[in-house]
Amino acid sequence: MTEPSLRTSRRRFNYLGSAHSGTGDHAKMHLTSLALIPLAIAFMVMMLRLGAHDYNGVRNYLGHPGPTILMILFIGTGILHMQIGMKAIIDDYVHDHAIKDAALIANLFFCVALGVTCLYALVRIGLA
Amino acid sequence: MSDLKLGRARPMSPHLTIYRLTMTMMMSMAHRVTGAALYLGTLLLAWFLIAASMNSATFAVASGFMHSWLGMLILFGFTWALMHHLLGGVRHALWDYGWGLDAPEREWLAIGTLAGGLGLTLVVWLIYGIWG
């Protein structure tokens, strides 16, 4: 430590490393993992309940604020987590620059589209 | 990765294929594979939610597929992937804090991830069997 600073430790290490990226991804991965431990368990419990319901039962269950909010938190955090995860897989295995860029863009678009789709469905059920 | 073309082939560092398979190595691969599987599995969740947001006929198609033997098989696999990846993530978090990095702990954590993931999957489907 040199002198006291108001900068957070995250800000200090964010662009370090030989590629000037990656540590930020690691921090995001760590944080989303932590959040996903309880959220994934909650998701599993909710899916168990939903699996036993018919159409009206599912809509009634997802109409309550608790399950809807937990589901939105799970999907939002999960999508951020899986976007970074797939980015790491692409970085590791795709070496052709053009294909790699295309794959990274496709990954981002897929994740955003998936998130918006799930959010739209949940809001539509919740506000019905 | 540099694009420099060198005169002769450079020596490559040893890669996956020349190492003896170890438990920690297989669990490392399984973590990636389950992660990628969950990535694709989210499509099923999106389909389920969109179908539930529409009318009962649309929902019946999605629900019908998910209750078919193929659907159940995929959901069983999804459950295992989620549980295995969850425990694998906890293992990685423990390592990040510097715990369990020695050989015996590494081995136990790897076996625990595998056994725990399978065990939790069976528990979840047992509960489904009783509730559903």
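Biologist: What makes helices α1 and α5 of chain A the two extremes in confidence?

Modeller: Among the elements of chain A, helix α1 (residues 9-13) has the lowest mean pLDDT, 69, and helix α5 (residues 97-126) the highest, 97; pLDDT is the predictor's confidence in each residue, from 0 to 100, and a helix is a DSSP run of H or I with at least four residues, numbered from the N terminus. This is a predicted model, in which local features need pLDDT of at least 70, side-chain atom pairs count only at pLDDT 80 or more, and totals for chains, interfaces and linings use all residues, while side-chain values use heavy atoms, without hydrogens and water. Residues are numbered from 1 along each chain as its sequence is written, and chains are lettered from A and ligands numbered from 1 in the order in which they are written.

Biologist: What are the mean values for chain A and chain B?

Modeller: Chain A averages 90, with 87% of residues scoring at least 70; chain B averages 91, with 92% reaching 70 or more. The model's ipTM is 0.86 and its pTM 0.86.

Biologist: How do you know that the length of α1(B) agrees with expectation?

Modeller: The expected span is 1.5 Å times one less than the number of residues, so the 31 residues of α1(B) should span 45 Å, and the end C-alpha atoms, 44 Å apart, agree with that. This helix nevertheless has a kink of about 30°, centred on B:L40, the bend being the angle between axes fitted to the seven residues ending at a residue and the seven starting there.

Biologist: What makes A:Y55, B:F48 and B:F59 a cluster?

Modeller: Ring pairs link these residues, and a pair requires rings of Phe, Tyr or Trp (its six-membered ring) with centres within 6.5 Å. Over all chains, the count by this rule comes to seven aromatic pairs.

Definitions and conventions:
Rings of Phe, Tyr and Trp (its six-membered ring) pair if their centres lie within 6.5 Å; planes under 30 degrees apart count as stacked, over 60 as edge-to-face and the rest as tilted.
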